[in-house]
Amino acid sequence: MTKSKTRDNSEDAEILAINALGFLASDSERLQRFMELSGLDVAAIRVGAANPAFLGGILDHLLGDESLLLIFAGEQQLRPERIAQLRRKLPGAAVDF
């Protein structure tokens with residue numbers, strides 16, 4: 001059985017979250033703000049990047065900041081709503097966004 005072009009699974013969500021982490025890391029101010037809000041340092045982020053729950057937290061960070069979300073969504077050529085849909089595929093997702 002092949003996967004459809006509109007896959008909607010946790011693998012897609014993890015890939016998106018890794019892209020989001022790269023987006024944050026590509027700008028020192030964005031990364032610094034994430035580290036301040038999360039209380040994490042670079043070493044913890046590196047370790048966390050392999051954890052689906054941590055990746056969900058990356059998407060939560062974007063979803064909690066509309067301007068950041070819109071910039072990221074534009075760069076990824078996605079609707080912000082799609083990012084919220086994929087967030088639900090990772091552990092720890094709230095159901096109210």
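**View 1. How confident the predicted model is along the protein chain.** This is a predicted model, and the protein chain averages a pLDDT of 90. A score of at least 70 is reached by 89% of the residues. Looking at the helices, helix α5 (residues 66–76) has the highest confidence, at 97, while helix α3 (residues 42–48) has the lowest, at a mean of 95.

**View 2. The start of the chain, residues 1–6.** Here's the stretch to read with care: pLDDT stays under 50 over residues 1–6. For this stretch the model has 2 contacts beyond four places in sequence.

**View 3. The helices of the protein chain.** You'll count 6 helices and 0 strands here. Starting at the N terminus, the order simply reads α-α-α-α-α-α. Take the contacts between residues at least 6 apart in sequence: 63% of them join residues at least 24 apart.

**View 4. Helix α6 and its packing partners.** Zoom in on helix α6 (residues 80–87), and the buried residues are R82, I83, A84, L86 and R87. What do they pack against? The buried residues of α6 meet α1 (10–25), α4 (52–63) and α5. As for spacing, an α-helix has 3.6 residues a turn, so residues three or four places apart point the same way.

**View 5. Surface and interior of the protein chain.** Of the 97 residues in the protein chain, 33% are buried. The accessible surface adds up to about 6000 Å², and carbon and sulfur atoms account for 53% of that surface.

Methods: Residues numbered from 1 in each chain as written. Predicted model: local features only at pLDDT ≥ 70, side-chain atom pairs only at ≥ 80, totals over all residues. Heavy atoms only, no water. pLDDT = per-residue confidence, 0-100. Helix = DSSP H or I, 4+ residues; strand = E, 2+ residues; numbered from the N terminus. Contact = heavy atoms within 4.5 Å. Buried < 20%, exposed > 50% of the residue type's maximum accessible area, 1.4 Å probe, protein only. Areas by Shrake-Rupley, 256 points an atom, 1.4 Å probe, with all protein chains shown as cover.
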